[in-house]
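Q: I should like to learn how to read a protein structure. Could we go through it feature by feature?

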Amino acid sequence: MLKKVFTFLVSILLLVYVLPTQVLAFGPSDDKIYQGIDVSGYQGDIDYEKVKKDGIEIVYIKSSEGFSYVDSHFERNYSKAKENGLKIGFYHYVTARTEDEARRQASFFVSTISKKVVDCKLAMDFESFGSLSKEQINKIGLAFIQKVEELSKKKAVVYSNAYAASNTWEGEITKYPLWIAQYEVDKPQNNGTWKTWAGWQYTDVGRVEGIENHVDRNHFTKEIFLESSEEIPETPIPEQPKQPLAITINWGDTLSKIALEYETTVEEIASLNNIKNPNLIYAGDNLIIPGKERQVETQDSQIYIVQKGDTLAKIAIMFQTSIEQIVKDNHIKNRNYIYVGQRLIIRTKCHYDCGHRIYIVQRGDTLWSIARRYNTTIANIVRLNRIQNQNNIKPGQMFRI
């Protein structure tokens with residue numbers, strides 16, 4: 001009798017401790033592993049003959065970013081990798097902040113890779129979320145990936161770091177295969193969402209023959225491949241979205257009145273300007289109006305959110321511009337008055353490939369996401385900025401990239 005009771009208790013313990021472990025197991029979707037890399041303009045000119053001889057079988061190529069940026073080495077990487085018989089995939093770096101923007105960026109991605117022959121699922125690289133909520137992130141990601149599949153007639157894969165896989169992605173988007181990034185571990189950690197991975201980016205400081213700089217190295221399974229290697233259908237280049245216009249609030253203005261005048265909505269203006277109470281605006285303050293051409297002569301510009309301790313002089317030095325230019329572009333009446341949270345259009349002299357640039361850490365940033373955004377490595381940012389604790393960065397910090 002005691003033996004039967006003991007056996008029963010052991011069975012219960014096995015159900016409690018063993019089965020959950022099996023359910024939550026997280027590993028490759030197949031036993032056969034393919035060696036791969038992912039590359040961009042950061043790697044420079046690559047000798048793909050040497051890359052292949054070094055055992056690399058798959059190369060994921062950065063094609064594009066945002067609404068209009070095509071990677072500087074996209075065409076060369078594609079043609080040379082193809083010449084040397086490597087399996088090819090493409091990825092796009094998503095910067096969308098709305099579902100509509102996500103669909104436009106998806107259209108730009110597919111138009112960029114039109115008429116190219118692809119072997120691997122098309123990858124969505126969406127990792128810099130700023131102040132977006134989890135719900136917004138998932139809606140934007142899903143809108144992007146669904147539009148990509150609709151236009152390309154090809155399947156897609158979600159690229160994500162381990163933290164986002166565990167804490168951000170949920171719902172319908174988790175039905176897509178996962179290409180996970182996690183470094184300095186023996187295997188990716190269980191995230192409780194995906195049961196297997198199709199790709200694992202295990203280092204961002206890998207070395208491969210034929211590539212001078214560091215390169216991301218990956219393990220892939222057969223799940224990363226498309227059913228057949230075919231040409232991406234020709235897709236027209238989408239119309240570029242109009243850039244925001246900076247205006248100054250006048251006496252008697254309301255957000256309703258401004259929204260009507262500029263053919264937008266109160267909600268869009270409030271969201272873009274981080275306005276908590278749409279009924280409370282002040283004459284003399286600046287507003288960024290969505291969907292209207294701004295009075296800026298160059299596209300090398302960005303929106304900067306004023307941080308505590310900022311002055312126009314400090315911001316001008318930071319972005320290698322002048323106080324006068326910032327004042328003009330943002331219709332600032334009192335150059336001695338800017339406030340925390342204010343959004344400024346900043347014209348920059350430097351963009352992607354002109355030496356170091358200054359980056360201001362935003363809420364939600366990690367060194368990993370910043371490194372990916374600017375085609376560099378965590379090690380380079382740490383060394384350049386003499387960072388003591390790479391796990392402790394704060395909004396408002398300035399980094400040279």
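Q: How much area does the chain expose, and what share do carbon and sulfur atoms supply?
A: This is a predicted model, in which local features need pLDDT of at least 70 and side-chain atom pairs count only at pLDDT 80 or more, while totals for chains, interfaces and linings use all residues. Residues are numbered from 1 along each chain as its sequence is written, and side-chain values use heavy atoms, without hydrogens and water. Accessible areas come from the Shrake-Rupley method with a 1.4 Å probe, and for residues only the protein chains shown count as cover. Here the chain exposes about 20900 Å², and carbon and sulfur atoms supply 51% of that area.

Q: What percentage of the residues count as buried?
A: Buried means under 20% relative accessible area, exposed over 50%, and partly exposed in between (1.4 Å probe, protein chains only). Of the 401 residues, 49% count as buried.

Q: How many residues has the largest nonpolar core?
A: In soluble globular proteins, nonpolar side chains tend to be buried together. A nonpolar core is a set of buried Ala, Val, Leu, Ile, Met, Phe, Trp, Tyr and Cys residues joined through side-chain atoms within 4.5 Å. The largest one has 53 residues; Ile 37, Phe 90 and Trp 169 are among those with the most contacts inside it. Apart from it lies another core of 29 residues, including Val 361 and Leu 367.

Q: Which residues does Trp 169 touch?
A: Contact means heavy atoms within 4.5 Å. Leaving aside residues up to four places away in sequence, Trp 169 touches, among others, Met 124, Ile 137 and Trp 194.
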